[in-house]
Every structure is written in C-alpha cells, then in structure tokens.
Amino acid sequence: LYLTDYSKRNKIVEYLKNNPNLVFIDTYAGEADLDLEFHFDNIKSFFKSMQDLNSIFPKSIKNFEYIYILKYHKFLYMPEKWKQ
C-alpha cells in the first residue's frame, strides 16, 4: 500500500486490524508504506476490500500492488534446525 497522506497511516492500520481476512501488517524501509497480507476466498473480495479502504480514506492512498497466490506447495516460517 502506497500512501499519499502519511499522516493517516495509523488510522488506516487501526481500521485494517478489524478486517477478518488480514493476516499481518508489516512496515519496513523500502518502497511501500504498508505491507499487508490478506487471505481471501477470491480476488473479487480482495478488490472490494481495497475499494472500501479507499472510500473510507479518500485521497490518502496513492495505489497498491498485490501478489495473488493461488496455492502454496510448501511454506515454512521457521525451519526445525533454527528452533531453540
């Protein structure tokens, strides 16, 4: 998520926390202002959520980029050898 009005960032984060499809919110130094992960049943629901966000925070969001993952074959957050 790229913001035009960074002063709205905290309000956007608080709003997003109530989205049941949100998995995590990440901030980092780099291109995007917010890195979001959602799990939706379909892409149409994702776009609806983005439209709602844009309507609630008009002129605060410049644009967004997304990756649509259809299937994970294997995903491991913490390999066994790294666990304590």
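**Note on helices H2 and H1**

1. In helix H2 of this predicted model, the buried residues include Phe46, Ser49, Met50 and Leu53. These residues cover an arc of only 95 degrees around the axis, and therefore sit on the same side of H2.

2. The other side of H2 carries exposed residues, namely Lys44, Gln51 and Ser55. Exposed here stands for over 50% relative accessible area, and buried for under 20%.

3. Which elements cover the buried residues of H2? Among them are helix H1 (9-16), strand E3 (35-38) and strand E4 (61-63).

4. The length of H2 can be checked against its residue count. H2 runs over residues 43-56, which makes 14 residues, and at 1.5 Å a residue these should span 20 Å. The end C-alpha atoms of H2 are 20 Å apart, so the two values agree.

5. At the start of H2 there is a contact from a side chain to the backbone: a side-chain oxygen of Asn42 comes to within 3.2 Å of the backbone nitrogen of Lys44. Lys44 is also one of the exposed residues of H2.

6. Turning to H1, the residues buried in this helix are Arg9, Ile12, Val13 and Leu16. Viewed down the axis of H1, they fall within an arc of 100 degrees, so they line one face of the helix. Asn10 and Lys11, on the other side of H1, are exposed.

7. The cover over the buried residues of H1 includes strand E1 (2-3), strand E2 (22-26), E3, H2 and E4. H1 in turn is among the elements that cover the buried residues of H2, as are E3 and E4.

Notes
Residues are numbered from 1 along each chain as its sequence is written. This is a predicted model: local features need pLDDT of at least 70, side-chain atom pairs count only at pLDDT 80 or more; totals for chains, interfaces and linings use all residues. Side-chain values use heavy atoms; hydrogens and water are left out. Helices (H or I, at least four residues) and strands (E, at least two) are DSSP runs, numbered from the N terminus. The expected span of a helix is 1.5 Å times one less than its number of residues. Buried means under 20% relative accessible area, exposed over 50%, partly exposed in between (1.4 Å probe, protein chains only). The arc is that of the directions from the helix axis to the C-beta atoms. Contact means heavy atoms within 4.5 Å. A polar contact is a pair of N or O atoms within 3.5 Å; within protein, one must be able to donate a hydrogen and the other to accept it, and residues adjacent in sequence count only if both atoms are side-chain atoms.
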